[in-house]
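Visitor: I am new to this structure. Please give me a close look at a single part of it, the largest pocket, and then place that part among its surroundings in the chain.

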Amino acid sequence: MVIPIDLSLNMPLPPLTQDFDTGVAEFIDFLTRLRRLPGFDVDWWAPQGPNDTRRSIWTHPNDYIERFRTTNAEYDSRPPNAIYDTFDIWAHENNDRLYQFKYTWNNNWDRLLGEMRLSHPVYGTDPQLYLNLIEAAVAWKRPQHLEFGPWVYRRDHHPLSISRVGIGWIGWVPYALTPADVPEAEVVRPLHDGTLIMTQSTFWQPYPTHPNYSRAAIDRAQEVELRLNLLGVLPTGDVLRRGDWGQ
């Protein structure tokens with residue numbers, strides 16, 4: 001059964017100073033890596049023109065790239081380091097928009113963003129699906145931080161100051177931690193010169209009406225984030241904008 005889900009990926013990156021073509025090549029490299037994974041072996045596309053014609057990365061690569069070159073052209077004339085001196089590119093999965101990813105660079109919020117909208121028609125909400133995504137993302141480009149989980153948890157249940165970035169359900173921090181450091185988390189293991197932290201291995205949602213709602217999972221995620229904050233490994237938005245977190 002395909003059910004609505006609310007999962008988002010927030011992966012702040014160190015400051016990136018590169019032109020449009022370099023950034024696009026990096027984003028397509030990321031989507032190519034994803035395409036090798038079960039559940040992400042899909043066609044990536046973006047709408048083009050007033051009739052929302054689909055432009056596939058794989059079958060119409062030039063059309064796809066030019067769609068975003070046009071979209072980003074207005075930023076090319078901005079002064080260097082201006083707040084709007086930015087590039088972005090995004091792609092949807094071609095089947096019911098299960099996934100969407102957006103890559104933004106050359107501004108104060110260089111990052112990869114992702115949205116998981118529906119459970120997968122074959123894999124459902126298997127946590128390994130999302131662990132594969134996170135491992136691929138961190139292997140592609142080492143971030144300053146990674147937060148993955150229900151957006152509503154962040155909005156309604158975040159146990160820290162709103163300026164402090166947590167990890168949600170699954171996260172990655174650019175520091176070496178052990179299970180003894182975070183006993184509240186079910187999984188704490190090394191990953192690409194940092195640490196993967198999974199609050200619990202079971203998929204959950206923060207909506208009381210959702211079939212996977214779990215108050216216990218919300219409580220556990222809060223406990224993990226409080227512990228990580230005590231350890232000093234959770235950044236603020238201001239620190240991330242500075243760009244040297246975890247360096």
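Guide: The account below begins with the pocket and then turns to side-chain pairs, one helix and one loop residue.

This is a predicted model, in which local features need pLDDT of at least 70 and side-chain atom pairs count only at pLDDT 80 or more, while totals for chains, interfaces and linings use all residues. Numbering runs from 1 along each chain as its sequence is written, and side-chain values use heavy atoms, without hydrogens or water.

The largest pocket holds about 360 Å³ of space. Here a pocket is an open set of points on a 1 Å grid where a 1.4 Å probe fits, with protein on both sides within 12 Å along at least five of seven lines, and lining residues have an atom within 4 Å of a point; its volume is the space filled by probe spheres set on the points. The lining consists of 24 residues, and those closest to the centre are Ser8, Asn10, Leu113, Glu147 and Trp151. Four strands each give two or more residues to this lining, namely E1 (4-12), E5 (99-105), E6 (111-118) and E7 (146-149). Two helices, H4 (151-157) and H6 (237-242), do so as well. (Helices of at least four residues and strands of at least two are DSSP runs, numbered from the N terminus.) The most is given by E6, with four residues. In character, the lining divides into eleven nonpolar, eight polar and five charged residues (Asp, Glu, Lys and Arg count as charged; Ala, Val, Leu, Ile, Met, Phe, Trp, Tyr, Cys and Pro as nonpolar; the others as polar).

H6 and E7 also lead to the wider structure, where 13 salt bridges are found (a side-chain nitrogen of Lys or Arg within 4 Å of a carboxyl oxygen of Asp or Glu). Arg242, a residue of the H6 range 237-242, forms a salt bridge with Asp244, with 2.6 Å between the closest N and O atoms. Arg242 is exposed, at a relative accessible area of 55%, whereas Asp244 is partly exposed at 36% (exposed means over 50%, buried under 20%, partly exposed in between, with a 1.4 Å probe).

A second pair comes before E7 in the chain. Glu26 meets Lys141 in a salt bridge, their closest N and O atoms lying 2.9 Å apart. Lys141 lies in the loop between helix H3 (127-140) and E7, and Glu26 in helix H1, so this pair ties together parts 115 residues apart in sequence. Lys141 is buried, with a relative accessible area of 15%.

H1 takes part in another such pair: Asp21 and Arg69 join in a salt bridge of 2.9 Å, N to O. Asp21 belongs to H1 (residues 20-35) and Arg69 to helix H2 (residues 61-72), 48 residues apart. Asp21, with a relative accessibility of 41%, counts as partly exposed, and Arg69 does so at 30%. Together with Glu66, these two residues are linked in a network of salt bridges.

H3, which comes before the loop of Lys141, is mostly covered, as eleven of its 14 residues are buried. Among them are Pro127, Tyr130, Ile134, Val138 and Trp140. Leu234, found in the loop between helix H5 (215-231) and H6, is also buried, with a relative accessible area of 1%. From Leu234 to Val138 the separation is 96 residues in sequence and 17 Å in space, C-alpha to C-alpha.
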